[in-house]
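Trainee: I have a new model open and would love to walk through it with you. Shall we begin?

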Amino acid sequence: MQFKKIHLEKLGATIELTAFAPDGKTAEYHAILHIEARGESFQQQLRRISLAEEQLMAQADLADAKPVFKRFFLSDATNQRPLMPQDDTCTISYIQQPPLDGSKIALWLYLQRGTEVIPTADRLQSTIVRHNGYEHLWTMGMMIGEGSSYSQTQTLLEDYEALLEEHEMTLEDNCIRTWFFVRDVDTQYKGLVLSRWENFAQHGLVPETHYIASTGIGGNPSDPKAIIQLGCYALKGFKPEQQRYLYATSHLNRTSEYGVTFERGTLLQFGDRDHAIISGTASINNQGEVMHEGDVVMQTQRMWENVETLLAEAGMTMNDTAQIVVYLRDGADFEVVSKMFSQKYPDIPTVFTLAPVCRPTWLIEMECIAIRSAKNDEYKEF
């Protein structure tokens with residue numbers, strides 16, 4: 001993994017970039033773009049981050065790379081989303097999770113080089129990536145504007161499952177990763193949990209089989225009537241044994257033991273690399289108990305320990321991590337937590353957002369994606 005920070009002083013922007021680019025093979029890039037607030041309007045900040053994105057794409061080592069998905073972290077999605085231009089380069093999510101550096105917008109991009117990338121490929125504006133017999137389906141920003149958190153989750157999952165069927169996939173066999181962003185998570189999360197549990201059971205996803213790596217976190221969709229926003233990643237063309245779930249039972253318990261339905265992490269093995277997808281992870285022990293209530297420093301340290309243990313189960317370390325998203329319940333904790341991250345993981349692209357975790361006593365949560373070179377001769381290369 002190669003790490004780079006690009007400071008664009010005139011734009012007041014910083015690009016944090018990781019590159020996994022083995023010679024002669026598919027290259028993967030994760031970038032997180034930050035801008036200085038400078039007391040400017042949203043339109044002014046949007047212009048600067050757009051120019052920073054243009055400069056990123058003009059980098060010589062990103063020649064021919066194409067975006068697979070983008071996530072915009074916004075401070076006021078309802079008002080800001082209508083001000084943003086149409087972007088058909090890939091699937092995109094726009095979510096109100098205010099960046100905690102004082103700006104109104106931050107951006108996470110995932111790019112690839114050496115694959116066929118097809119944007120706006122279906123009725124939900126998914127991105128399809130094809131290469132070497134694999135078909136990757138990225139579908140972001142799904143939401144509806146009516147109903148309860150229970151019924152919205154039900155409708156969104158059923159619509160996504162119909163989309164998977166159109167792509168000759170199923171939820172149980174092909175969906176690798178989900179994100180559920182929940183308006184007012186303290187009161188609306190329960191409806192999501194129940195609806196997802198029921199839906200998954202209909203597809204044979206029960207404690208005795210498996211669930212799906214996921215993050216369920218506070219976040220406001222741009223439609224003020226939407227309570228849930230869903231994003232998903234699915235994969236076709238792989239052997240079942242290429243996917244293995246990560247448990248870290250020394251530190252974490254099965255989520256079904258406290259009534260929710262997701263896997264702690266997923267390891268995907270390809271001929272030339274491994275991907276570890278780590279779900280939203282907080283300060284919890286293997287009894288399902290919140291650790292270090294009220295202490296964000298100790299919660300951060302336990303969260304790191306949990307994530308590092310999951311990665312170790314995948315044969316990886318944090319040095320293989322391509323990006324991190326950190327969710328904080330209290331924005332006042334940003335200064336101390338960001339300093340901790342900069343000391344422990346100074347090179348990894350990281351964005352800090354205001355997004356309450358699904359239990360009120362959890363002060364912090366993080367998710368990440370890691371990539372490591374591997375030689376798995378029984379599988380096709382990525």
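Trainee: In which strand does Thr-321 lie?

Mentor: Good place to start, and keep in mind that this model is predicted. Look at residues 321-328, the run that holds Thr-321. That run is strand β16.

Trainee: Is Thr-321 buried or exposed?

Mentor: Let's look at its surroundings. Not counting residues up to four places away in sequence, Thr-321 touches several others, among them Met-1, Phe-3, Leu-311 and Ile-348. Buried means under 20% relative accessible area. Thr-321 has 0% relative accessibility, so the residue counts as buried.

Trainee: Which strands stand at the edges of the open sheet of six strands?

Mentor: Follow the order, which is β1-β2-β3-β6-β4-β5, with mixed pairing. An edge strand has a single partner, so one of its sides is left without a neighbour in the sheet. The strands that fit are β1 (2-8) and β5 (91-96).

Trainee: In what sense do β4 and β5 pair?

Mentor: Find strand β4 at residues 66-74. Phe-69 stands opposite Thr-91 in β5. Over six bridges, the pairing of β4 with β5 is parallel.

Trainee: How is α3 placed relative to α5: roughly parallel or oblique?

Mentor: Two packed helices are described by the angle and the distance between their axes. Here the axes of α3 (residues 149-166) and α5 (residues 185-202) come within 7 Å and cross at roughly 40 degrees. Angles under 35 degrees count as roughly parallel. The crossing angle therefore makes α3 oblique to α5.

Terms used: Residues are numbered from 1 along each chain as its sequence is written. This is a predicted model: local features need pLDDT of at least 70, side-chain atom pairs count only at pLDDT 80 or more; totals for chains, interfaces and linings use all residues. Side-chain values use heavy atoms; hydrogens and water are left out. Axes are lines fitted to C-alpha atoms, for helices over the stretch in contact, and angles run from 0 to 180 degrees between N-to-C directions. Helices (H or I, at least four residues) and strands (E, at least two) are DSSP runs, numbered from the N terminus. Angles under 35 degrees count as roughly parallel, over 145 as roughly antiparallel, 65 to 115 as roughly perpendicular and the rest as oblique. Buried means under 20% relative accessible area, exposed over 50%, partly exposed in between (1.4 Å probe, protein chains only). Contact means heavy atoms within 4.5 Å. Two strands pair if DSSP finds at least two bridges between them.
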